[in-house]
Amino acid sequence: MVKLHDSYKRLLQIYTLSSNIIGTPLLGSRFVPAHQNRHEIRFKTSGAGERALQERQRQHMARGLPKQKPIAGVKEVIVVASGKGGVGKSTTAVNLALGLMANDQSKSVGLLDADVYGPSVPKLMNLKGNPELTDKNLMRPLVNFGIPCMSMGFLVEEVAPIVWRGLMVMSAIEKLVRQVDWGNLDYLVIDMPPGTGDVQLSITQNIPIAGAVIVSTPQDIALLDARRGAEMFRKVLGLVQNMSVFQCPKCNHQTHIFGLDGAKELAQTLGVEMLGDIPLHLNIRETSDKGQPVVVSSPDSPEAEAYRRVAAAVVRRLAEHLR
């Protein structure tokens, strides 16, 4: 029995040390449970031994984590994320960027497509071609609708599969972020890939993020993954409930195809704000497929207004975080 207790105690010590070095606290998640480190307190040595252990852990952390470095010329970085693909995250990111500029034309906004494996921004923003290089060997973003954009889609053939391992992906993200002449931007909107993988880890560890916008449909399976996505970020500005309701174009009857208010309930659970609802509407799909986002092609439509309201809520939440 004593042996079993000693083994269990040793396993907890190893688990605690490894958690401190490479575990969840790396990302400083605001949702980390308060009881997470209770075993660490219970099994630490006292006095000088405890202080020595804490110092070794601090040194490990200092070596293991890259220091966050701002992007040259960019004031605030907003990431648009989801735990799941197919929820309309890229369409939301594009229209959010356009909505930020539409609400205040004195603001400059850029858009980074960080979805290395499945870049969507070139199609959504109707952009093709390769970036030119400046005298400093930096890539010039391609521009449409007044938004400078950078994407892996500008650097590879349109139908070429990108089959890369983690280190190559992280290197590519570093280049898309650092080796681009962004000019002076008030906001850089980053369209994150779905999930919680290498790209998300690289961006959250290397770039100071002003806030994250989490996109989800109201259905339960999407909400589970949305919560995982929210757990990655220190500052979650709020949730966007996409495809919230379908209105029949003939009789105007409304149907909640993916469920009712699921994202609102998740926002309450996480203690974050609901930034807005985006309807499931044919106009959004058609304008996106044509590379003419609804915020610029149908600015007076209810769909465009929904995106502008989300953009306004994002700006307000950013201001609240600065207080």
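## A stroll around helix α6

The second largest cavity holds about 30 Å³ of space, and that's where we'll begin. Keep in mind that you're looking at a predicted model. The structure has two cavities of 30 Å³ or more.

**Stop 1: the cavity lining.** Select Ile-173, Glu-174, Val-177, Ser-202, Ile-203, Asn-206 and Ile-207, which line the second largest cavity. Two elements, α6 and α7, each give two or more residues to that lining.

**Stop 2: helix α6.** Now pick residues 166–178, the 13 residues of α6. Try a quick check with the distance tool: the end C-alpha atoms sit 18 Å apart, which agrees with the 18 Å you'd expect at 1.5 Å a residue.

Next, colour the buried residues of α6: Val-169, Ala-172, Ile-173, Leu-176 and Val-177. Turn the view until you look down the helix axis; these buried residues fall within an arc of 130 degrees, so they line one face of α6.

What do the buried residues of α6 pack against? Show β2 (109–113), β4 (147–151) and α7 (198–206), and you have the partners.

**Stop 3: Ile-203.** Go back to Ile-203, one of the cavity-lining residues. Leaving aside neighbours within four places in sequence, Ile-203 is in contact with Val-79, Ala-114, Ile-173, Ile-190, Met-192 and Ile-209. Ile-173 should look familiar: it is one of the buried residues of α6 and also lines the second largest cavity.

**Last stop: the core.** Select Leu-96 alongside Ile-203. Those two have the most contacts inside the largest nonpolar core, which has 75 residues.

Methods. Residues numbered from 1 in each chain as written. Predicted model: local features only at pLDDT ≥ 70, side-chain atom pairs only at ≥ 80, totals over all residues. Heavy atoms only, no water. Helix = DSSP H or I, 4+ residues; strand = E, 2+ residues; numbered from the N terminus. Expected span 1.5 Å × (residues − 1). Buried < 20%, exposed > 50% of the residue type's maximum accessible area, 1.4 Å probe, protein only. Arc of directions from axis to C-beta. Contact = heavy atoms within 4.5 Å. Core = buried A, V, L, I, M, F, W, Y, C linked by side-chain atoms within 4.5 Å. 1 Å grid on protein atoms, 1.4 Å probe; cavity = no way out; pocket = protein on both sides within 12 Å on 5 of 7 lines; lining within 4 Å. Points joined across faces, edges and corners; volume = space filled by probe spheres on them.
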